[in-house]
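Colleague: Please take a close look at one part of this model for me. I would like to hear about the charged side chains and their partners.

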Amino acid sequence: MESNFNDIQKIVSHIEANFDREITAHEIESISHYSYRNFQRVFFKIFNETISGFQKRLRLENSYKKLIYTEDRISEIAWQVGYFNIQSFSKAFKKQYSISPAEARKQKQGVFQKFIENNHTDLKLDVKYKDAVPVVCKFIKAKDYNNQEIDELWKEIEPETEIFEAAYGIIRDQPLITSYSHCRYGAAVTSDDGLKGFLKRDIFGGRYVKFTHYGPYADILETYRSFYRYWLSDQQFLLDNSDVIEEYESPEVTHIYFPLYG
């Protein structure tokens, strides 16, 4: 097995989809066709964390998003992310973030405050249902979602001689919660060509709040700031902790879809 991120996307996707339960060594070996010990070694080399550490981080990061995005009871959130009692969940959460789950919920304004300050762009928001779209996708670790690494990925995927019918960005992590070094970005296209190193999956399939960024992608953070400013000041809807999808209509127009809760 070559020690690069693309080779183990399938196994990582399985872990991500099942982060809320214990994944056995037999499962890993069945999917990867390598010994669990060898896979652990490769995984640690790429992610700089163990498989169990990765799972624990996903549980806590998803719980944090649920705390600030939804109104679910803390005990329900603990169960949803794989903790069987609120005491063990609260202990793990406080160890990770130095505050309790209840404090995190009360202080959610503070999570976004530095990010959203000094921005006054107006946004038009639409709530709509999006049918599932089959795509092939490739994920990278894009530290703090920096544009350079994302641009390099798209140059690899979509050379000037080939334009796909539709292209999307999958924002897997919330960079205000996830450590910048662990943020993951997925480039997705509608294609039947079986691109090397790509995974088949569906995106969308639910209700989303949609807003649009006009201008170069390098300035997209300003539009995200405007969205969070609006959401925090006038919460007419609850957000979900699943992927945010960017739909690239043109180099100057990016539609952004935040999943809605429930």
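Modeller: Here is a walk through the salt bridges, then one charged residue without any.

This is a predicted model, where local features need pLDDT of at least 70, side-chain atom pairs count only at pLDDT 80 or more, and totals for chains, interfaces and linings use all residues. Residues are numbered from 1 along each chain as its sequence is written, and side-chain values use heavy atoms, leaving out hydrogens and water.

Side chains of opposite charge can pair when their charged atoms come close. A salt bridge here is a side-chain nitrogen of Lys or Arg within 4 Å of a carboxyl oxygen of Asp or Glu. The whole structure has 11 of these salt bridges.

Start with Arg172 and Glu16. Their side chains meet in a salt bridge, 2.6 Å from N to O. Arg172 sits in the loop between β3 and β4 (184-189), and Glu16 in helix α1 (residues 9-17), so the pair ties together parts 156 residues apart in sequence. Helices (H or I, at least four residues) and strands (E, at least two) are DSSP runs, numbered from the N terminus. Both Arg172 and Glu16 are buried. Buried means under 20% relative accessible area, exposed means over 50%, and partly exposed lies in between (1.4 Å probe, protein chains only).

Next come Arg184 and Asp173. Their salt bridge is 2.6 Å, N to O. Arg184 lies in strand β4 and Asp173 in the loop between β3 and β4, so this pair ties together parts 11 residues apart in sequence. Arg184 has 3% relative accessibility, so it counts as buried. Asp173 is at 6%, so it is buried too. Shared partners join Glu16, Arg172, Asp173, Arg184, Arg201 and Asp243 into one salt-bridge network.

Now look at Glu76 and Arg73. Their closest N and O atoms are 3.0 Å apart, in a salt bridge. Arg73 is exposed, because its relative accessible area is 55%. Glu76 is partly exposed, at 29%.

Finally, turn to Asp240, in the loop between α10 and β7 (244-250). Asp240 is buried yet has no salt bridge. The nearest side chain of opposite charge, Lys66, is 5.2 Å away. Lys and Arg count as positive, Asp and Glu as negative; His and the chain ends are not counted. The Asp240 side chain does make a polar contact with the side chain of Ser242, at 2.6 Å. A polar contact is a pair of N or O atoms within 3.5 Å; within protein, one must be able to donate a hydrogen and the other to accept it, and residues adjacent in sequence count only if both atoms are side-chain atoms.
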